[in-house]
Amino acid sequence: EEVTPPNEPTSHPTMSVAPPNEPPTREQVRAALPETSIAVSLPESLRPVQAPADLVKAIVALLGAAQKSAGAPTKAAGRFAVLLVTPSAPRAASLCGLLSRAGLKVAKLFARHLTVDEQAAFLSTHAVDVAVGTPNRLCRLCRDGLVDLSALRYVVVDATPDAKQQTIFSPAGKGKGRRPDAAELAALLTTGSFVDRLLKPRAPVLCPVVLPTPAALEAATPVSVRLQGRGRGRGRG
C-alpha cells in the first residue's frame, strides 16, 4: 500500500489507457487523483474478477480480511467495510443484484429508484456488508454526513473500460451522456468524511479493478429478474 505524496501537481494529466482487462497502475491512479492521499492497493483477490462469480468471491475475501483486521465484526446499522464505486446507475444496479443474490447485504447508493432521504433512512436502520454507488450520489451523501465510514476498509473502483476503452480514470468526459471522471471521484475522496476517515487507524485503501462486463453481468442474471427489470422506469433520485 502506498500513499499519494502531498506535493504532487494538482492538474489532471492525460492518463495512458491501460491494456484491456488490466486495471490502472498505482502511478496512473496517482496521476488521475493528485488531490487525494488515499493509499492505492491491488489485492491479489481482485486479480482478475472477469467472471461475476469471481467478483462475489473477491468481495467476500475483502470482507473477511476487513473482519480479521478489525477483530470482532461491527453490527452497527449502516456501517460497511467495502464500498464499490462504479460510473453509472444501471451498472450499479446490476452489481447490486449480483451481490444481493449471493447473500450479501447491499446498500444501493446511486440515483436510481431511491432518493437521498430514502438511502439515509436505509443506512440508519439496516446492517450492511457492502455499499455500491456512483461518485456524485456518494459525494452528496458524504457531504451531508449521511454515511458512516468508520468501518470502511476497501474502496473498490470499477475501472472497466467502456466501448471507447475509457474508464473513470480517463480524462473528463463531455456531452449530455458523459461518464463520471477522475475529478468526480476525487471530489468524493476529498469530502470531509473521507479525509477524517483517512486520518484514523486502519484507513481504507483504494482498489482499482476491472469488473465483469455488462454482458457478463446480464448473462449471470436470472431471466425472470431481467424481464422484471425491463418494466421499470429510471426511478427517482
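**Entry 1: an acidic residue and its partner**

I began with D148, which is partly exposed, with a relative accessible area of 29%. The model I am reading is a predicted one. I then asked which residue forms a salt bridge with D148. The partner is R79, and the closest N and O atoms of the pair are 2.9 Å apart. I noted that this pair links distant parts of the chain, 69 residues apart. D148 belongs to the loop between α5 and β5, while R79 belongs to the loop between α2 (52–70) and β2 (82–85). I also looked up the accessibility of R79 and found it partly exposed, at 31%.

**Entry 2: the other salt bridges**

How many salt bridges does a search of the whole structure find? I recorded three.

One of them joins R91 and D158, with the closest N and O atoms 2.5 Å apart. This pair, too, links distant parts of the chain: R91 sits in helix α3 (residues 89–101) and D158 in strand β5, 67 residues apart. I checked whether these two residues are buried or exposed. R91 is buried, with a relative accessible area of 12%. D158 is likewise buried, at 1%.

Another salt bridge brings together the side chains of E27 and R30, at 3.9 Å from N to O. I located both residues in helix α1 (residues 26–32), where they are three residues apart, about one turn of the helix. E27 is exposed, with a relative accessible area of 51%. R30, by contrast, counts as buried at 14%.

**Entry 3: cysteines**

I next looked for disulfides. A disulfide is a covalent bond between the sulfur atoms of two cysteines. The cut-off I needed is a sulfur pair within 2.5 Å. I then asked which cysteine sulfur is closest to that of C139. The closest one is in C142, at 7.0 Å, and therefore too far for a bond. I repeated the check from C142 and was led back to C139, at 7.0 Å, again too far for a bond. The count of disulfides is zero. I added that C139 is buried, with a relative accessible area of 5%. C142 also counts as buried, at 5% relative accessibility.

**Entry 4: L149 and its contacts**

I turned to L149, which lies in the loop between α5 and β5 (154–158). L149 is buried, with a relative accessible area of 5%. Which residues does L149 touch, if I leave out those up to four places away in sequence? I listed F80, C142, S193, F194 and R197. I looked at F194 in particular. It is 45 residues from L149 in sequence, yet the two lie 7.4 Å apart in space, C-alpha to C-alpha. I noted that C142, from the previous entry, is among the residues that L149 touches.

**Entry 5: the two faces of helix α4**

Finally I examined helix α4 (residues 116–125) and asked which of its residues are buried. I found V116, Q119, A120 and L123. They cover an arc of only 100° around the axis, so they are on the same side of α4. I then looked at the face turned away from this buried side, which carries the exposed residues D117 and T125. What do the buried residues of α4 pack against? I recorded two elements as their packing partners, namely β3 (106–109) and α5 (135–143).

How values were computed:
Residues are numbered from 1 along each chain as its sequence is written. This is a predicted model: local features need pLDDT of at least 70, side-chain atom pairs count only at pLDDT 80 or more; totals for chains, interfaces and linings use all residues. Side-chain values use heavy atoms; hydrogens and water are left out. Buried means under 20% relative accessible area, exposed over 50%, partly exposed in between (1.4 Å probe, protein chains only). Helices (H or I, at least four residues) and strands (E, at least two) are DSSP runs, numbered from the N terminus. The arc is that of the directions from the helix axis to the C-beta atoms. Contact means heavy atoms within 4.5 Å. A salt bridge is a side-chain nitrogen of Lys or Arg within 4 Å of a carboxyl oxygen of Asp or Glu.
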